[in-house]
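Me: I should like to learn how to read the features of a folded chain. Could we take them in turn, with the general idea stated before the particular case?

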Amino acid sequence: MNNSKPYAGRGAPGEIGRSVTEGDLTSPQFYVAPPGLVAAVNVAQELGMPLLLTGEPGCGKSQLARSVAWEFDWGDPLTFTVKSDTQGRELFYSYDTLGRFHSAHITDQPDNPYRFLHLNAMGKAIWRALGRDNVLQDDKKIETCMGQVSFDAPHSVVLIDEIDKAPREVPNDILNEIDEMGFEIPELPTHPKFSLKKNTLEQSAAIKPLQKPFVIITSNRERELPEAFLRRCVYYHLDLPPFRKTVENKNTDYSVTIEDIIKMRLGVDISPSDENMINNQKSVWSGSVSFFAYLRKLRLQKIPSTAELLSWQWLLHNRHSHQTNLHHAKVEDIEDFLSSAKVTLFKHMEDQKRADNLYEKWLASNN
């Protein structure tokens, strides 16, 4: 898929100290991508291949789709969340065979197979790219299903979320469909086929090629994906962004830091001098980042993610002054700092039981 401008992944940062809403934690306007991820997006766009994105839960994989769609003004992403019983065709469409049988044989209504077709994310994106006339080329009666798709613009971002949860045969089942950017619907009388590659080849050179949807596939690596599927994807692994201290005076792929994300999402600019204070004299902001970093190094049942840090900090943002100092804070403020951390960062009973002790050890570590 060609686009006139490359993806930048820089967002549009809001003002420092602004009023923050819960929506800012996931808004594509405040998404910032590391250079390696930006490069992967642009390579996938230029090659017209899906981008396979791995990384731990809560690191921002799914939010990339919204960022790309927002930056290019392509509307909301079309999302399909994979389940353990997902079938390959369901990425494109679902068909209520039982409903059709009931309608025809139980209620004695006229048989109308088009009533029971529901397009899913990939199906909608392919129809949108083909345009109304091409969709109707093989079967005019499909017009009764047109209300499911907006044909105002040909571009789409498709998010296939958590592909590793699908049965192992699903990635292999959709290989040809991903290559062809097409699918067929055998449940309809005419067995219509929709293919971006087929229609592009049949177009004259004077006609602008059809715009393939940009497909982002995420995986938490709960199950390894087939090699044949991997060959058809551009691949990037999204690590947890580093902390500012670890990248000072370094030019690395992860030039986007945890502190940069906090600045974008929450409008809080953490002072380097503040983060160099000993732990019990840090502000709420540098203290929360430091405590999060400390927990990430431990052997917890469930290590906290970036998304959980931001949720905790949004709560702190609403409850405390930006300048609240852990050393001079009121007792109830310190209790709130820890009690709110327990239920946002600690997601396992055994870890929660250790929270008070870990907090005291963190205060004493002065890192």
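The dialogue below treats overall composition, nonpolar cores, helix packing and a few individual residues.

Me: How many helices and strands does the chain contain, and how much of the chain is buried?

Reply: The model is a predicted one. The chain has 16 helices and nine strands. Of its 367 residues, 50% count as buried. When contacts between residues at least 6 apart in sequence are considered, 74% of them join residues at least 24 apart.

Me: Which residues touch the most other members of the largest nonpolar core?

Reply: The general idea is that nonpolar side chains tend to be buried together in soluble globular proteins. Here the largest nonpolar core has 47 residues, and those touching the most other members are Met122, Trp127, Ile160, Phe183 and Phe194. Elements that supply two or more residues to this core include the strands β2 (78-81), β5 (157-161) and β8 (214-219), as well as the helices α4 (121-130), α7 (175-180) and α9 (227-231). The most is given by α4, with seven residues.

Me: With which residues is Phe194 in contact?

Reply: Neighbours within four places in sequence are set aside for this purpose. Phe194 then contacts Ile126, Trp127, Leu130, Val135, Ile142, Met181, Gly182, Phe183 and Ile185. There is also a second, separate core of 37 residues, and Phe30, Phe243, Val289 and Trp312 are among its members.

Me: How should the packing of two helices be read, and at what angle do α13 and α14 cross?

Reply: One reads the distance between axes, then the angle, then the residues that meet. The axes of α13 (residues 284-296) and α14 (residues 306-319) come within 11 Å and cross at roughly 155°. An angle over 145 degrees counts as roughly antiparallel, and α13 and α14 are therefore roughly antiparallel to each other. The crossing of α13 past α14 is right-handed. On the α13 side the contact involves Val284, Trp285, Ser288, Val289, Phe291 and Phe292, and these meet Thr306, Leu309, Trp312, Gln313, Leu316 and His317 of α14. By class, this contact of α13 with α14 comprises eight nonpolar, four polar and no charged residues.

Me: At what angle do α13 and α16 pack?

Reply: The helix α16 (residues 349-365) packs with α13 at an angle of about 110°, the axes being 10 Å apart. That makes α13 roughly perpendicular to α16. Gly287, Ser290, Phe291, Tyr294 and Leu295 of α13 form the contact with Leu358, Tyr359, Lys361, Trp362 and Ser365 of α16. The residues of this contact are six nonpolar, three polar and one charged.

Me: And how is α11 placed with respect to α14?

Reply: The axes of α11 (residues 258-266) and α14 come within 11 Å and cross at roughly 50°. That makes α11 oblique to α14. The crossing of α11 and α14 is right-handed. From α11 the contact takes Ile258, Ile261, Ile262, Arg265 and Leu266, and from α14 it takes Thr306, Leu309, Leu310, Gln313, Trp314 and His317. This contact of α11 with α14 divides into seven nonpolar, three polar and one charged.

Me: Is Asp24 buried or exposed, and what is in contact with it?

Reply: Burial is read from relative accessibility, with under 20% as the cut-off. Asp24 is at 11%, so it counts as buried. Asp24 is found in the segment before α1 (35-47). Apart from neighbours within four places in sequence, its contacts are Arg18, Ser19, Phe30 and Arg265.

Me: Where does Phe116 lie?

Reply: Phe116 lies in the loop between α3 (97-105) and β4. At 11% relative accessibility, Phe116 also counts as buried. Beyond its neighbours within four places in sequence, Phe116 contacts Ser94, Tyr95, Asp96, Gly99, Arg100 and Ser103. The C-alpha atoms of Phe116 and Glu187 are separated by 9.6 Å, although these residues are 71 apart along the chain.

Me: What is phi in Asp73 and in His191?

Reply: Most residues other than glycine have a negative phi. In Asp73, phi is positive, near 60°. Asp73 is placed in the loop between α2 (61-72) and β2, and is exposed, with a relative accessible area of 69%. His191, also not a glycine, has a positive phi of about 50°. His191 lies in the loop between β6 (182-184) and β7 (193-195), and is partly exposed at a relative accessible area of 41%.

Definitions and conventions. Residues numbered from 1 in each chain as written. Predicted model: local features only at pLDDT ≥ 70, side-chain atom pairs only at ≥ 80, totals over all residues. Heavy atoms only, no water. Core = buried A, V, L, I, M, F, W, Y, C linked by side-chain atoms within 4.5 Å. Buried < 20%, exposed > 50% of the residue type's maximum accessible area, 1.4 Å probe, protein only. Helix = DSSP H or I, 4+ residues; strand = E, 2+ residues; numbered from the N terminus. Contact = heavy atoms within 4.5 Å. Axes fitted to C-alpha atoms, helices over the stretch in contact; angles between N-to-C directions. Parallel < 35°, antiparallel > 145°, perpendicular 65-115°, else oblique. Left-handed = near helix turned anticlockwise from the far one by under 90°. Nonpolar A, V, L, I, M, F, W, Y, C, P; charged D, E, K, R; others polar.
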